Protein chains: 2
Amino acid sequence: MREVAIIGTGLVTFGEMWSKSLRQLWTEAALNALEDAGVDAVDFITVGCMSSGLFTGQEHLVSLLADELGVAGVPAMRVESACASGGLSLRAAFAEVASGLADVALVTGVEKMTDVDGSDATYALGTAADQEWEGFHGITFPGLYAMLARIHMAEYGTTSKQMAQVAVKNHANGLLNPHAQYHLKVGVDDVLGSTLVADPLHLLDCSPITDGAAALVIASVERAKEIAGDRPMIKITGSGMATDTISLANRADLSELAAVRLAGERAYAMAGREPADIHVAEVHDCFTIAEIMATEALGFFERGEGGPAVKRGLTALDGKIPVNTSGGLKAKGHPVGATGVAQVAEIVTQLRGEAGQRQVQGARIGLAQNMGGSGGSSVVHILEVE
Amino acid sequence: MREVAIIGTGLVTFGEMWSKSLRQLWTEAALNALEDAGVDAVDFITVGCMSSGLFTGQEHLVSLLADELGVAGVPAMRVESACASGGLSLRAAFAEVASGLADVALVTGVEKMTDVDGSDATYALGTAADQEWEGFHGITFPGLYAMLARIHMAEYGTTSKQMAQVAVKNHANGLLNPHAQYHLKVGVDDVLGSTLVADPLHLLDCSPITDGAAALVIASVERAKEIAGDRPMIKITGSGMATDTISLANRADLSELAAVRLAGERAYAMAGREPADIHVAEVHDCFTIAEIMATEALGFFERGEGGPAVKRGLTALDGKIPVNTSGGLKAKGHPVGATGVAQVAEIVTQLRGEAGQRQVQGARIGLAQNMGGSGGSSVVHILEVE
């Protein structure tokens, strides 16, 4: 298996982008990544997108987007794993380059979510849950994560205040990220005083609905050296994936995210690393409880210690393991298919030492964890700078 | 890059399967493939599906289906490239196994199309075209292929009768395939006398709307030898992909399917083969004109010779290059995401010499060509028996 490196990142500002279509958002991110990498040709493209069919009435994105970028002909693959589609996009391209099928690949994610009204968006997102056994009964994602939160609170004593601290931290980080959807200073009282969406989750415990795209350029290390010259080499040293039952009702244990744990274990094993080696991480904070559970499943903290860890500042920018320096899904926004790619772009930025005011000092090993549904799938990547 | 072999195939009978849900169809095909391969565990799963969101209100198939099969935990990847999603499913798993990321993978495709009414199915299929520049004007796929047919007729003198011969041949083959949706003897007059859908395409020039699933098990050649024992080894020697513009209006030349030509060239180059080496082929006959154009783009015939070749019987079971021995999309049915996988299953069956009455004598090298939209993407695989 060939070694693979990331040589370019491209983002667009996330938000309610009513003046830009899916193809425009995607192309802007793709061109930014190609410019950052200094390449004008790729031999493979991946597109992570959850539900362009329901959100925009458009499937067959591989043809649409290769065409829009002016490179029709290039092989392209769209992947979907609900909100983990972006992480899966990197994995699919990683396999192509690692195998030798491609040398230089454009890895992208996109979701255009605000062209439908709120109930249609909620329906589209709900297709990540089990339609016959969960959706049929009317539950949507805030409700599913509220149940996970309740169990975590009952089992470990996790508190609403600890969850609120996740939002406070991530919004503080988001203030330092020009691409973030929200630039808001948020306090614990703001979170706890915001509308209750699904008890115990308040509005400010939830990530938003967002339009956005993100892109990376990856290459075999050999080609990366030719292209990138003296720029720091960011290698993908671990790539792990896992599934779990789609419905919560089928899980043996609801107080952990098993797919995240498994994906993390596989990524650590491939990289020859352990949780304590990680200097900076982006995790899937679609709801504040999800970040707490992810930091436990990834082994940064013991089970039940994720909540107290946030409260103690261990995941803050200057903490033991800074988490979601980008602002996370919470503040940066959550254009579903783009999220996993944007997470990796943030880690690359950190490992390059180009994160400005939100730079984690001395970050050389980073991890990005993306998740689908209520934890039915997860993808974890470990990146290291040489 | 490691060599990869196909060690199992699994089909379900295609048709209007109102008593079976998407997950049931898929699981039946998956279990059939696992049984055929003689394995009870895989370390990767791919799912090709075009639009489960629009057809069934369900995305996140990786979690749904790994769960349903009882193997939650296993890494899984859903891929989409409109009607080429099945071919892409094999490509994605091929890259995983070729790279060494996986040893044994379950490759699947599925589409449950008949749970929505006809206009909703037409809308869902239409998302494979350019929604803003084609769909907006009301055109659907029969219209797009009718335009391709008109151009081919004008350029090369292809006739409605030659197109009808494709339907006649494929329905004759379908009579010999127990998994086919239709077991109908169809004559040229039946086709030419059937309802005009989009001039010059008649109802019997069109493939149907179908529920179905198909599966394969693939493995590294090393593992395949351990598992398969004395069974003939079917190697994947070529895998080629390409995109083209999504809208017909953007193409320089409408009398060829450039994505098919490019994908074919790439597969031939990888396999070290040329068109004349192929003994049997499954090609994407979503409309009869598509088969004619595909056989030209794949180099079986010169441009403009695809129509006369069918008329002369060159693509019949006992012809120079038998095409769509399974009955093709036309007679076997076209459950979009399953089609590309079922095509490969047919080639494996032929190369194993297990095709019964539709067996092509001495078939040792086969090709499967899957296509998305009006040719906006294509995937080609070449298989060889040792």
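**Helix α6 and its surroundings in a predicted model**

Mentor: In this predicted model, B:F141 and B:Y145 both sit in helix α6 (residues 141-156) of chain B, four residues apart, about one turn of the helix.

Trainee: Are those two, B:F141 and B:Y145, buried or exposed, and what angle do their planes make?

Mentor: B:F141 is buried and B:Y145 is buried as well. Their ring centres are 6.5 Å apart and their planes stand at 40°, so the pair is tilted, given that planes under 30 degrees apart would count as stacked and those over 60 as edge-to-face.

Trainee: How many aromatic pairs does the structure hold over all chains?

Mentor: There are four aromatic pairs over all chains. In chain A, one aromatic cluster is formed by A:F141, A:Y145 and A:F287.

Trainee: Back to chain B, then: at what angle do α6(B) and α11(B) pack?

Mentor: Helix α11 (residues 288-297) of chain B and α6(B) pack at about 60°, their axes being 10 Å apart, and the two helices are therefore oblique to each other. The crossing of α6(B) past α11(B) is left-handed.

Trainee: And which residues make that contact?

Mentor: From α6(B) come B:Y145, B:L148, B:A149 and B:H152, and these are met by B:I289, B:A290, B:I292, B:M293 and B:E296 of α11(B). Sorted by class, the contact of α6(B) with α11(B) has seven nonpolar residues, one polar and one charged.

Trainee: What about α1(B) and α3(B), which way is their crossing handed?

Mentor: The crossing of α1(B) and α3(B) is right-handed. The axes of helix α1 (residues 22-37) and helix α3 (residues 61-68), both of chain B, come within 10 Å and cross at roughly 60°, and α1(B) and α3(B) are therefore oblique to each other. On the α1(B) side B:L22, B:R23, B:W26 and B:T27 take part, meeting B:L61, B:L64, B:L65 and B:E68 of α3(B); the residues of this contact divide into five nonpolar, one polar and two charged.

Trainee: Changing topic, which residues of α5(B) are buried, and what do they pack against?

Mentor: In helix α5 (residues 118-126) of chain B, the buried residues are B:A121, B:A124, B:L125 and B:G126, and the buried residues of α5(B) pack against α2 (52-56), α6 and α14 (336-351) of chain B.

Trainee: Last one: is A:A154 buried or exposed?

Mentor: A:A154, which is found in helix α6 (residues 141-156) of chain A, is exposed, with a relative accessible area of 70%. A:A154 lies 9.4 Å from A:S255, C-alpha to C-alpha, although the two are 101 residues apart in sequence.

Methods:
Residues numbered from 1 in each chain as written. Chains lettered and ligands numbered in written order. Predicted model: local features only at pLDDT ≥ 70, side-chain atom pairs only at ≥ 80, totals over all residues. Heavy atoms only, no water. Axes fitted to C-alpha atoms, helices over the stretch in contact; angles between N-to-C directions. Parallel < 35°, antiparallel > 145°, perpendicular 65-115°, else oblique. Left-handed = near helix turned anticlockwise from the far one by under 90°. Contact = heavy atoms within 4.5 Å. Nonpolar A, V, L, I, M, F, W, Y, C, P; charged D, E, K, R; others polar. Phe/Tyr/Trp six-rings, centres within 6.5 Å; stacked < 30°, edge-to-face > 60°. Buried < 20%, exposed > 50% of the residue type's maximum accessible area, 1.4 Å probe, protein only.
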